[in-house]
Amino acid sequence: MRTKRLGKLGPEVPVICLGAWPLGGGMGELPDQQVIDTVHAALDCGVTFIDTAEGYRTSESVLGKALAGKRDKVFLATKLSGDHSLEHMNEAVENSLRALGTDYIDLYQAHNIKLADLEKAELFETLEQLQFEGKI
């Protein structure tokens, strides 16, 4: 699988990413085993960049099952959804880590963030703290 640098200084990631919104029920309910089989097939094909979000219903918890014993083989991205308050961010990161069955997230993103939230220094301080703690 061809890779490309993420941003200017980021890691090399596959140019194809498995987006988990449909896997988490975004386009209709799917049986867990079908999601797990899909993730495993993607990994077998070299798709090792997986993107999900807190707001994708059951996506994170099913991905956690699919990635059991395979976490070290993927670049895992997830997103903070809806409430971008600092309190919610800390809670959301912990929930995502637990659901995904991991102790770190490779790329943590703010989903549909408002400009007013981006202007808050506390947002970036919290992200830096989470990075310092090794969670993101």
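Q: In what order do the 4 strands of the open sheet stand?
A: In this predicted model, local features need pLDDT of at least 70, side-chain atom pairs count only at pLDDT 80 or more, and totals for chains, interfaces and linings use all residues. Residues are numbered from 1 along each chain as its sequence is written, and side-chain values use heavy atoms, without hydrogens and water. Strands are DSSP runs of E with at least two residues, and helices are runs of H or I with at least four, numbered from the N terminus; two strands pair if DSSP finds at least two bridges between them. The pairing is parallel, and the order is β3-β4-β5-β6.

Q: Which strands stand at the edges of the sheet, and why is one side of each left without a neighbour?
A: Each edge strand has a single partner strand, so one side lacks a neighbour in the sheet. These strands are β3 (17–19) and β6 (107–110).

Q: Which residue in β5 stands opposite I50?
A: Strand β4 (residues 49–51) runs parallel to strand β5 (residues 75–80), and 3 bridges join them. Opposite I50 in β5 stands L76.

Q: What angle does the direction of helix α3 make with that of β5?
A: Helix α3 (residues 86–100) packs on the sheet and touches β5 and β6, where contact means heavy atoms within 4.5 Å. Axes are lines fitted to C-alpha atoms, for helices over the stretch in contact, and angles run from 0 to 180 degrees between N-to-C directions. The angle with β5 is about 145°.
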